[in-house]
Each structure stands twice: as C-alpha cells, then as structure tokens.
Amino acid sequence: MRAARPRLMGLTRYYHALLESKPFADRVNYDRPVHLIAIAPKFHRDNFTDRKYNQLILQFLEFAIVPDAEKLYFHK
C-alpha cells in the first residue's frame, strides 16, 4: 500500500487564506512570520524538495502509531 503524500500546495493555499481572512486577529499578530507545520506518518522526498525552494517557513513532523499488546503508543 502506498503512503499518502501531504501536499505542500494545500499548505500554501491555507497560508494564503489565513492571511486574507486573518481569523483571531484580536489574538494573533499577523505581522510576524507564520510557521506552517505539516504532520503526517511519512513525507515523500518531493515534499522536502518543495520545502527547500518554498518561500514559506515549513516544518514537517513525522509520527507513527506503535501497537504494543492492547495499547497504542504515539511515537515521534
């Protein structure tokens, strides 16, 4: 089974919409740099290339859900 690839284009569209609508403007200073965080089980190498040449600040967080007996553990 092939892992789903997070789409940076979706993140950049979200960034654009965020800066246009400025939700929570009473609590967020939109003059400061906005950091986008993508959280996914895996990232495709193309995502890292996209991030390298993108003007936005992007952070990738990978995780795994690890089963152990009858418990599940979140592993970063």
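**Notes on a predicted α/β chain**

1. Let me start at the hairpin: β3 and β4 are its two arms, with two residues between them, and A69 in the turn shows a positive phi of about 60 degrees. Strand β3 covers residues 64–68, and β4 covers residues 71–75, the two being paired in the antiparallel sense over five bridges. Pairing here requires that DSSP finds at least two bridges between two strands. Within the hairpin, P67 has L72 of β4 opposite. Helices (H or I, at least four residues) and strands (E, at least two) are DSSP runs, numbered from the N terminus.

2. A word on the basis of these notes: this is a predicted model, in which local features need pLDDT of at least 70 and side-chain atom pairs count only at pLDDT 80 or more, while totals for chains, interfaces and linings use all residues. Residues are numbered from 1 along each chain as its sequence is written, and side-chain values use heavy atoms, with hydrogens and water left out.

3. Now the overall layout. The chain has two helices and four strands, and along the sequence they follow the pattern α-β-α-β-β-β. Buried residues account for 17% of the 76 residues, where buried means under 20% relative accessible area, exposed over 50%, and partly exposed in between (1.4 Å probe, protein chains only). Of the contacts between residues at least 6 apart in sequence, 30% join residues at least 24 apart; a contact means heavy atoms within 4.5 Å. The accessible surface comes to about 6700 Å², and 55% of it belongs to carbon and sulfur atoms. Accessible areas come from the Shrake-Rupley method with a 1.4 Å probe, and for residues only the protein chains shown count as cover.

4. Next, the β-α-β unit, which is right-handed and built from β1, helix α2 (residues 45–53) and β2. Right-handed here means that, with the strands pointing away from the viewer, the path from the first strand over the helix to the second runs clockwise. Strands β1 and β2 (residues 57–62) run parallel and are joined by six bridges. Two positions to look at are I39, whose bridge partner in β2 is L61, and A40, which stands opposite E62 in β2.

5. The two faces of β1 are worth a look. L36, A38 and A40 make up its covered face, whereas H35, I37 and I39 make up the uncovered one. In a regular strand the side chains alternate between the two faces of the sheet.

6. Just past β1, please check F43, which sits in the loop between β1 and α2. F43 is buried, at a relative accessible area of 10%. Its C-alpha is 7.5 Å from that of E62, although F43 and E62 are 19 residues apart in sequence.

7. The loop between α1 (8–21) and β1 (35–40) holds K22, and F24 lies in that loop between α1 and β1 as well. K22 has a positive phi near 45 degrees, in a residue other than glycine; for F24, also a residue other than glycine, phi is positive and near 60 degrees. K22 is partly exposed, with 39% relative accessibility. Setting aside neighbours within four places in sequence, K22 is in contact with A17 and Y30.

8. Which residue forms a salt bridge with R27? The partner is D26, with the closest N and O atoms 3.9 Å apart. The rule asks for a side-chain nitrogen of Lys or Arg within 4 Å of a carboxyl oxygen of Asp or Glu, and by this rule the count is one salt bridge. R27 is exposed, at 64% relative accessible area, and D26 is exposed too, at 68%.

9. Finally, back to the hairpin strands for a surface feature: I65, L72 and F74 form a nonpolar patch with about 360 Å² of accessible area together. Patches are made of residues with over 30% relative accessible area and no salt bridge, like charges being joined within 9 Å and nonpolar side chains (Val, Leu, Ile, Met, Phe, Trp, Tyr) within 5 Å. I65 belongs to β3 and is partly exposed, with a relative accessible area of 47%.
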